[in-house]
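Biologist: Hi, have you got a minute to go through this one with me? I'd like to start with a single residue and then work outwards.

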Amino acid sequence: MQPAIRVLMMPRDTNAHGTIFGGHILSLLDQAGAVAAHAIGARKVVTVAIREVVFKEPVHVGDIVSLYAEVTQVGTTSLTIRVRVEAHDPIGGRSVEVTTAELVYVQVDDRGRPVPIQRTLPPRDAEC
């Protein structure tokens, strides 16, 4: 898996329990998957599915959340991407796996219709 996104969690992203909203983590999952899709040559992609997200650990304000992604399947118009989320407490030094999910995207044209993916190899120094 390659690094896709790294984000510092801020107070604005907390829920009523003082931890980071699960929905915020879902948004980051979706973004990380799109980064991986673009890295292999997909252009405009839309999310079709996010498969089984199970939160194993809470994420706290001040944690650095890192998302790692890998393309696991490329079809004619669709891609499947696995994304792993980890949280690191920079003060305490503790790192935990938050969740792993599989996301499916479809490449679309400007009208929203599926179009074939022309896969390209990412540059050697690409982050994803």
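Biologist: Is A69 buried or exposed?

Modeller: A69 is buried, because its relative accessible area is 3%, and the cut-off for buried is under 20%. Do keep in mind that this is a predicted model.

Biologist: Thanks! Which strand does A69 lie in?

Modeller: A69 belongs to strand 3, which covers residues 64–74.

Biologist: And how far apart are A69 and I5, in sequence and in space?

Modeller: In sequence, 64 residues separate A69 from I5. In space, their C-alpha atoms are 9.0 Å apart.

Biologist: Let's move on to T80. Where is T80 found?

Modeller: T80 sits in strand 4, the element that runs over residues 78–88.

Biologist: Buried or exposed, that T80?

Modeller: Buried: T80 has a relative accessible area of 9%, so T80 also falls under the 20% limit.

Biologist: Which residues does T80 touch, leaving out those up to four places away in sequence?

Modeller: T80 touches R51, then the run E70, V71, T72 and Q73, and also E102, L103 and V104. E70, V71, T72 and Q73 fall within the residue range of strand 3.

Biologist: Nice. Stepping back, how many helices and strands are there in the chain?

Modeller: The protein chain has one helix and five strands. Along the sequence they come in the pattern β-α-β-β-β-β.

Biologist: What share of the contacts joins residues at least 24 apart?

Modeller: If you take contacts between residues at least 6 apart in sequence, 67% of them join residues at least 24 apart.

Biologist: How does the radius of gyration agree with a compact globule?

Modeller: The chain has 15 Å, and a compact globule of 128 residues would have a value near 14 Å, so the two agree. The C-alpha trace spans about 45 × 30 × 20 Å along its principal axes. Buried residues account for 34% of the 128.

Biologist: And the surface, how much of it belongs to carbon and sulfur atoms?

Modeller: Carbon and sulfur atoms hold 51% of an accessible surface of about 7400 Å².

Biologist: How many positive and negative side chains are there?

Modeller: There are 13 positive and 14 negative ones, and the centres of the two sets lie 7 Å apart.

Biologist: Last one: what is the mean pLDDT?

Modeller: The mean pLDDT is 93, with 94% of residues at 70 or more. Among the elements, strand 4 has the highest mean at 98, and strand 1, residues 2–8, has the lowest at 95. Where pLDDT is low, the predicted coordinates should not be read in detail.

Definitions and conventions. Residues are numbered from 1 along each chain as its sequence is written. This is a predicted model: local features need pLDDT of at least 70, side-chain atom pairs count only at pLDDT 80 or more; totals for chains, interfaces and linings use all residues. Side-chain values use heavy atoms; hydrogens and water are left out. pLDDT is the predictor's confidence in each residue, from 0 to 100. Helices (H or I, at least four residues) and strands (E, at least two) are DSSP runs, numbered from the N terminus. The radius of gyration is taken over C-alpha atoms; the globule rule is 2.2 Å times the number of residues to the power 0.38. Buried means under 20% relative accessible area, exposed over 50%, partly exposed in between (1.4 Å probe, protein chains only). Contact means heavy atoms within 4.5 Å. Accessible areas come from the Shrake-Rupley method with a 1.4 Å probe; for residues, only the protein chains shown count as cover. Lys and Arg count as positive and Asp and Glu as negative; His and the chain ends are not counted. The place of a charge is taken as NZ of Lys, CZ of Arg, CG of Asp or CD of Glu.
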